[in-house]
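Colleague: Could you take me through one part of this model, slowly and in plain words? I'd like a close look at the ligand and what surrounds it, and then a bit of context from the rest of the chain.

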Amino acid sequence: MGEKAKLSFSDKEYELDLTVGTENEKALNIHELRNHTGLVTLDESFANTAACRSAITYLDGERGILRYRGYPIEELATRSRFVEVAYLLMYGDLPTPKQLNSFSGHLNLSSLIHEDMRHFFLAFPNYAHPMGLLTTMVASLATFYPVQEDLSEEEEKQVISNLVSQVRTIAAFSYKKFVGEPVVYPSHKLRFVENFLNMMFSSPVKNYQQDPDIVKAIDTFLILHADHEQNCSTSTVRLVGSSLSNVYAVISAGIAALWGRRHGGANQEVISMLTRILDSGDDGGRFIEDAKNKRARLMGFGHRIYKTFDPRAKILKELCHKLLIKPGMTNPMFDIALRLEDKALHDDYFLSRNLYPNVDFYSGLILKAANIPYDMFTVLFAIGRTPGWLAHWREMRHSENYRIARPRQIYVGPALRDYIPMDKRPAMSGTTIVRRSPVSERISNSMLEKTSDIDDNDTTRFA
Ligand code: ACO
């Protein structure tokens, strides 16, 4: 008999099973809770809820541990390449040379996108955020590469190669659209990261010179971002995938979730925070005080799971140092970043709340040193995370408990009330709120102000 937990409610006692993971982490199994007690659980933002069993990634936030399929992230980051890690996440073991060769070959063959898709790029506005392009283009792969609902093993392999490889191609094409240059096609002669950098930075008038330190830094960045168990975007992938939706749409949903600044957008926010601090002449001290007084948020600090240190931040901090001492690479932002880190790590506000630098604190600096444009930071995160999303999608498809995800809620709205006919409803004054984001700032004012042209008293248009 396994261990049980007891719940007493309404003068009755219930026993609940405990589910125990590989590392002895225990979960109350509430599978039968509603059937037996009529109760549901309330866990807003899922901070205490394990949504699935997974054999992909182990994460211990208290001890700063991250492992993919049992291998410590520190070893994978120093000894493996991204493509090898992608294979590991997907199929459970490190590949043999033959398996790696075959996987790389598939990625190469899948790297082109249908030529007609390039026409889409032309239709987007020049100010389009590359994450907007990526979400849309990845969803549109569903129309160019239609797949059956029940994929054979071979079809599944093809879909995985397409996505891992084509997300990278679309990302580079989005950048070319952004800078108004012709696209550079993928090359079968280059490895994954070199290929990406070549598609980004080569042009008909300039051959891109690969720098092995930059290649290593980007490859490590991708490895460190490849999976992070049930984070916001991966949970989105599982949730959308559970409805048996098209796999390209599923990954597009993951990309959309990643876009937010509390998730993948954070490294971009770190650079914009450092730029603001630098421009204001502050040495970081004033900003730290603002963060403590809730007037600002120290971006790149804090994590929902890591409460002592983020092991990925440790690896990137070292790489960041190495990169930034290269000739011509020094960056005043890095000095500010180190000063902020030092101040925060000696300040009771941050220590008492377990706020430590997360991976984004350093990844933004690394990407900046590699000349990756600011708007592309989250796109690179998406390239790295695609194998992780697909590994979870694949694990879910092949699991026994593959049911549509459908959480419950606690309803707190009005109780039953009588319908009010239109002529009896009290007059209400409506307000249209338009919130501006950095991207929307670039959109012409006239577009945003169209909302104010609406006459609130003109009911005919809503007939
Ligand atoms: N700067 C200042 N104060 C902070 C910060 C921060 N970065 N993060 C949390 N706090 C404070 C909160 O104000 C709160 O203070 P209080 O107890 O006085 O109310 C306390 O710390 C707890 O904060 P929560 O928001 O409850 O922490 P949560 O675990 O929900 O949030 C999160 C985690 C979203 C990552 C948050 O720390 C944050 O916004 N950090 C900055 C953004 C960031 O770097 N995100 C990247 C995450 S990593 C990734 O996605 C790869």
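**Around the ligand**

Modeller: Let's start with one atom pair: a polar backbone atom of Leu298 sits 2.7 Å from a nitrogen atom of the ligand. Keep in mind that this is a predicted model. Gly300 also takes part through its backbone, with a polar atom there 2.9 Å from an oxygen atom of the ligand. Arg304 uses its side chain instead: one of its polar atoms is 2.7 Å from a ligand oxygen. Now step back a little. In total, 19 residues surround the ligand, and Leu298, Gly300 and Arg304 are among the closest, together with Lys294 and Arg297.

Now for the context you wanted. The domain assignment splits the chain into domain 1, residues 4–65, and domain 2, residues 73–463. Their C-alpha centres are 30 Å apart, yet 19 residues of domain 1 are in contact with 20 residues of domain 2.

How much area is buried between domain 1 and domain 2? It's about 1600 Å², with carbon and sulfur atoms giving 61% of that. On the domain 1 side, strand β4 (residues 57–60) gives the most to the part touching domain 2, namely three residues. That side of domain 1 is a mix: eight nonpolar residues, six polar and five charged. Even so, there are zero salt bridges between the two domains. What you do find across the interface is five residue pairs in polar contact.

Technical notes: Residues numbered from 1 in each chain as written. Predicted model: local features only at pLDDT ≥ 70, side-chain atom pairs only at ≥ 80, totals over all residues. Heavy atoms only, no water. Domains from an automatic or database assignment. Contact = heavy atoms within 4.5 Å. Buried area = accessible area lost by both parts, 1.4 Å probe. Salt bridge = Lys/Arg side-chain N within 4 Å of Asp/Glu carboxyl O. Polar contact = N/O pair within 3.5 Å; in protein donor to acceptor, adjacent residues only side chain to side chain. Helix = DSSP H or I, 4+ residues; strand = E, 2+ residues; numbered from the N terminus. Nonpolar A, V, L, I, M, F, W, Y, C, P; charged D, E, K, R; others polar. Near = heavy atom within 4 Å.
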